[in-house]
Amino acid sequence: MHNPQLNKNGELQHLLTIEGLPKTVINHILDTASSFVSVSDREVKKVPLMRGKSVFNLFFENSTRTRTTFEIASKRLSADVINLNIAASSTTKGESLLDTIDNLAAMHADMFVVRHAQSGAPYLIAKHLIDTNQPHVHVVNAGDGRHAHPTQGLLDMYTIRHYKKDFTNLTVAIVGDILHSRVARSDIHALTTLGVPEVRAIGPRTLLPGGLEQMGVRVFTDINEGLKGVDVIIMLRLQNERMAGALLPSAQEFFKSYGLTPERLALAKPDAIVMHPGPMNRGVEIDSAVADGSQAVILPQVTFGIAVRMAVMSILAGN
Amino acid sequence: MRNPKFDAEALYKVLADRVKSGLAHAENVAIVGIYSGGAWLAERLAAEMQLNERLGFIDVSFYRDDYAERGLHADVKPTQIPFEVEDATILLVDDVLYTGRTTRAAINELFDYGRPAKIMLAALVDRGGRELPIAADFIADTVVLDDDQQLVLQRADDGRLSLTVDHA
């Protein structure tokens, strides 16, 4: 099937998932992001690229951080940002998702940044825009269900490239609740596309999805084995709501078996970096000594995230 | 159709002499080259004028006026302005001055770093065809070209510059 993210010229029209995205497109986004990093250090933290464009943040699922970084990115591109509090709006009055989209498009929206608990919701919107011949309106997936969180995946790649320069000699470990993590999925696709020779997934059997091996991932249930000699550690947030199910005994139990402590970090390469998409649960998946330690690059990830989102939005809006 | 041959090295020498005498009494001078050709020229000028600490580079991609039609440039380079723009006398350097649109974009970008005391413009070649009220302070040569011709500055591995005329 034709990749709905790309237009007829192979240019990025929507950003829905990293899966199937050509390496050239990923590198173009990362290269462009590096030019946006310095914009945030200037006297005027704005460029005029998206002046007069309207970006609608459609967050059907709560998120403060991601919504804020998209809002900042839009504002630094001089776009007008409209945050829709969906929980309190027309969807609760029974309006369908696509009717909401049509109404906002009629208000001359140029871009939708969509977060939805349902996997595939951004795809549905993008397909609707294609079917209704509205190629000037773009969709950015800001996280859909367990499916994908492409801008987080891209900012993780930007961070890794910033500290490690080259992807082709790295061992990268992703640790924690991989089953429910759209970040893990996006990271795995991106790492594989960029040529990382060894991607590891570390977690308890109950939180590891099937099919990881088919994606080229080495699976470890013993964290002490899995962390040996790695260059990059990506910790995932343990979603407290999962504890309600029977997947995990308790947060304390999880920390004992899979929490990243200084002792476990010492098993990785001495210059290994520690990443986390946030928000962190200290004492659940990560020890404070590691989170605040010299190998953690968790706050730089946030800063890079703005530049990466600026790059994605400005590339989309120009295509 | 005229197909002029240029000696870029000789042109650079003329430009450097004009810039040096023109800025002999200027204070707080800094040099900013516009990627890519202007950046090479600015690098050389800064070295000759002992202004390496006050050398910057601009990529105007985020300020271009044709973004809506052409989208974002495929190869954007980071703008680097490592000096204080406030109250500086900035010499903006480009290889070829044509429509003036690139100069306009570069001036706009500089103002987002601060308020310079003065901005001046140096270019190797002025080919006319201005679409904005912009003029250079220093120029090595002027030339008349057809609309479909393009002047391209190139730099060899040994650093030597050459100017060629391409047909669009």
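What radius of gyration would a compact globule with 319 residues have, and what does chain A have? A compact globule of that length would have a radius of gyration near 20 Å, and chain A has 19 Å, which agrees. This is a predicted model.

**Chain A overall**

The C-alpha trace of chain A spans about 55 × 40 × 40 Å along its principal axes. Twelve helices and nine strands make up its count of secondary-structure elements. Of its 319 residues, 45% count as buried. Consider the contacts in chain A between residues at least 6 apart in sequence: 79% of them join residues at least 24 apart.

**Helix α12(A)**

Helix α12 of chain A covers residues 298-318. Its 21 residues reach 30 Å from the first C-alpha to the last, close to the 30 Å expected at 1.5 Å a residue. The helix is mostly covered, with 16 of its 21 residues buried.

**The nonpolar core**

The largest nonpolar core has 143 residues. V175(A), I233(A) and V32(B) touch the most other members. The element that gives the most to this core is α12(A), with eleven residues. In soluble globular proteins, nonpolar side chains tend to be buried together.

What does V32(B) touch, leaving aside residues up to four places away in sequence? Its partners are A42(B), G56(B), F57(B), I58(B), I81(B), I90(B), L92(B), V93(B) and L110(B).

**Where the chains meet**

On the chain A side, 16 residues are in contact with 14 residues of chain B. Two elements of chain A, α1 (23-37) and α12, give two or more residues to the side that touches chain B. Of these, α1(A) gives the most, with five residues. The table divides the chain A side by residue class.

| Class on the side of chain A that touches chain B | Residues |
|---|---|
| Nonpolar | five residues |
| Polar | eight residues |
| Charged | three residues |

Helix α12(A) thus appears in two places: it gives eleven residues to the core, and it is listed among the elements on the side that touches chain B.

**A hairpin in chain B**

Strands β6 (residues 149-155) and β7 (residues 161-167) of chain B pair in the antiparallel sense. Seven bridges join them. One of the bridged residues is Q154(B), whose partner in β7(B) is S162(B). Five residues lie between the strands of this hairpin. Which residue of the hairpin takes a positive phi near 95 degrees? That residue is G159(B).

Technical notes: Residues numbered from 1 in each chain as written. Chains lettered and ligands numbered in written order. Predicted model: local features only at pLDDT ≥ 70, side-chain atom pairs only at ≥ 80, totals over all residues. Helix = DSSP H or I, 4+ residues; strand = E, 2+ residues; numbered from the N terminus. Expected span 1.5 Å × (residues − 1). Buried ≥ 20, exposed ≤ 12 C-beta atoms within 10 Å, placed from the backbone. Contact = placed C-beta atoms within 7 Å. Nonpolar A, V, L, I, M, F, W, Y, C, P; charged D, E, K, R; others polar. Core = buried A, V, L, I, M, F, W, Y, C linked by C-beta atoms within 7 Å. Rg over C-alpha atoms; globule rule 2.2 N^0.38 Å. Pairing = 2+ DSSP bridges.
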